[in-house]
Amino acid sequence: MNSSGKIKTADANFDNLLRIFTVPEGQNSTLTKIEEELSRNLNEFLRNHIVTEERPLKDIEQDFLSSHIPDQPEFVSDHTQHLLDTVVSQSVHTSSPGFIGHMTSALPYFLMPLSKLMIALNQNLVKIETSKVFTPLERQVLGMLHRLVYHEEDHFYSQYMHSAHHSLGAFCSGGTIANLTALWVARNNVLKADGHFKGVEQEGLFRAMKHYGYEGLAILVSERGHYSLKKAADLLGIGQEGLISVPTDQNNRIKPDALKATISRLKQHNIKPFAIIGVAGTTETGNVDPLDDIAEICRQEDCHFHVDAAWGGAVLMSKQHQHLLKGIEKADSVTIDAHKQLYLPMGAGMVLFKNAGATQAIEHHAQYILREGSKDLGCRTLEGSRSGMAFLLYACMHIISRAGYGLLIDESIAKAKYFAELIQSQPDFELITEPELCILTYRYIPEPVRQALKDATEEKRQELNQTLNELTKYIQKKQRESGKSFVSRTQLNPGQLDGMDTIVFRVVLANPLTSKEILHDVLEEQRQIASLATSLLKELSG
Ligand SMILES: *Cc1c(COP(=O)(O)O)cnc(C)c1O
């Protein structure tokens with residue numbers, strides 16, 4: 001804005017427009033300076049430009065009220081300043097080492113210039129014509145991840161990795177699409193063409209159900225399953241009620257007996273369970289389902305076995321910890337997000353299929369592109385146009401390598417164990433779920449309340465727990481608002497608390513820059529915030 005407070009506008013003539021396609025920004029322009037700062041010290045740039053104190057969202061919305069498309073062009077430098085002031089400043093510092101509440105963490109430096117290169121190349125992976133080398137590159141990356149999960153022999157990969165009639169998986173924007181793709185394949189297989197019936201993909205669900213004589217279809221997952229599965233059940237016509245949640249044990253893992261009982265019950269009602277999902281790293285607690293047991297049940301029931309390893313799949317990179325995902329190699333399909341523990345920027349998910357021919361169940365062809373027999377990736381992916389994200393994963397696989405990723409995973413898990421011990425050694429904190437991978441949950445509980453909770457009557461226990469929930473919420477919110485550190489919160493029903501609804505802090509320790517000192521500080525800050533919650537504390541001691 002200029003001194004009169006009005007936005008300076010440029011002339012909307014074609015010559016000026018051509019300039020934005022051909023002439024780079026000048027040496028002293030705001031944009032050039034940003035680029036320099038970003039490459040010199042990314043963390044400093046983010047620290048300097050992202051405001052720590054929280055502004056209420058209602059306030060922020062005031063900057064985004066107009067629904068008019070600007071009539072006249074603005075100068076790039078002016079607008080860049082506007083972006084710094086209104087957007088960058090109010091964004092979330094996801095890579096801050098004190099922000100240990102979500103699955104999004106720091107990115108390696110080399111990905112910034114490489115992302116710029118990827119965008120400059122602007123390949124479209126939907127078809128060879130607009131991607132050329134990116135297609136074999138993406139197929140190779142999928143092959144690498146496939147091998148990490150399934151350990152097939154060399155000849156398997158030389159036969160299928162680049163085969164026009166096969167795919168080892170699909171690259172997509174994230175775990176949601178990956179899960180949907182896996183279940184799409186499973187649904188089309190259970191309702192495949194048979195006699196006069198041309199398959200659900202041709203005739204639709206109604207005729208498919210009539211043909212096969214089912215009253216309904218079901219997908220089974222533990223009660224800790226990710227909400228993306230509900231969306232998939234909805235879109236695939238199964239209905240959200242067709243996603244059946246199965247009880248978990250003390251450690252948030254599916255109970256195989258309960259799974260079997262649920263299957264029997266469904267079959268009695270002529271409902272066909274066609275897919276069972278094992279979670280390898282639940283979003284809330286990071287626990288891994290007993291994958292071998294689920295695999296065996298799937299084999300007996302002739303069900304599609306899908307493993308949702310969106311978050312935890314990267315643990316296979318660690319030679320020390322890969323055993324935690326034992327049984328994953330028996331899955332028909334596996335979801336892995338590269339934008340979680342593989343440290344890629346947002347928008348990189350994958351689904352892998354054990355059987356290289358599995359995606360034939362969802363193959364689509366069109367005359368002008370995606371011709372039959374072509375190597376176009378778009379004929380076996382849900383998404384159409386897609387960016388060359390695989391390029392960044394390809395680079396990470398080489399620059400970080402298996403050894404580097406292994407170290408990152410080992411370090412995260414060790415840090416989570418350290419933090420768990422630290423919490424357990426405090427008189428006024430309570431560990432709720434132990435870290436199996438690098439997620440843990442805990443809460444603040446004043447020392448006297450801890451004893452009182454043990455001795456209290458059932459009614460009193462409920463009451464105390466309710467107040468502790470309020471306290472946890474209060475601390476989490478205040479800590480976020482202060483902007484120094486961030487943990488998330490969720491609600492669990494822990495066995496050790498007799499299944500009472502319990503609100504907990506949730507911590508994900510994936511950022512390699514998070515130090516032990518920061519973990520100590522997080523607890524100290526929470527303790528201090530708690531001491532300010534005088535009325536809640538009074539209620540607890542009353
Ligand atoms: C994150 C996550 C998803 C969803 O992935 P998006 O990339 O957010 O679409 C699905 N399942 C699990 C277990 C996850 O952690």
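**Exercise 1.** How many Å separate a nitrogen atom of the ligand from an N or O atom in the side chain of D308?

*Solution.* Keep in mind that this is a predicted model. Start with D308: one of its side-chain N or O atoms sits 2.6 Å from a ligand nitrogen atom. Then go to the ligand's oxygen atoms. An N or O atom in the H339 side chain is 2.8 Å from a ligand oxygen, and for the side chain of K340 the distance to a ligand oxygen is 2.9 Å. Now look at cover: the ligand alone exposes 380 Å², and the protein buries 87% of that.

**Exercise 2.** Work out what the shell around the ligand is made of.

*Solution.* There are 15 residues around the ligand, and T176, D308, D337, H339 and K340 come nearest. Sort the shell by type and you get three nonpolar, nine polar and three charged residues. Next, ask which element gives the most: that's helix 9 (residues 175-190), with three residues.

**Exercise 3.** Classify the ring pair F99 and F486, then place it in the chain.

*Solution.* The structure has 10 aromatic pairs. In this one the centres are 5.9 Å apart and the planes make 45 degrees, so call it tilted. F99 belongs to the loop between helix 5 and helix 6, while F486 is in the loop between helix 17 and strand 10, 387 residues apart. Buried or exposed? F99 has 13% relative accessibility, so it counts as buried; F486, also at 13%, is buried too.

**Exercise 4.** Do likewise for F156 and Y157.

*Solution.* With centres 5.0 Å apart and 80 degrees between planes, the pair is edge-to-face. F156 is buried at 11%, and Y157 is buried at 6%.

Notes. Residues are numbered from 1 along each chain as its sequence is written. This is a predicted model: local features need pLDDT of at least 70, side-chain atom pairs count only at pLDDT 80 or more; totals for chains, interfaces and linings use all residues. Side-chain values use heavy atoms; hydrogens and water are left out. A residue is near a molecule or strand if one of its heavy atoms lies within 4 Å of it. A polar contact is a pair of N or O atoms within 3.5 Å; within protein, one must be able to donate a hydrogen and the other to accept it, and residues adjacent in sequence count only if both atoms are side-chain atoms. Accessible areas come from the Shrake-Rupley method with a 1.4 Å probe; for residues, only the protein chains shown count as cover. Helices (H or I, at least four residues) and strands (E, at least two) are DSSP runs, numbered from the N terminus. Ala, Val, Leu, Ile, Met, Phe, Trp, Tyr, Cys and Pro count as nonpolar, Asp, Glu, Lys and Arg as charged, and the others, Gly among them, as polar. Rings of Phe, Tyr and Trp (its six-membered ring) pair if their centres lie within 6.5 Å; planes under 30 degrees apart count as stacked, over 60 as edge-to-face and the rest as tilted. Buried means under 20% relative accessible area, exposed over 50%, partly exposed in between (1.4 Å probe, protein chains only).
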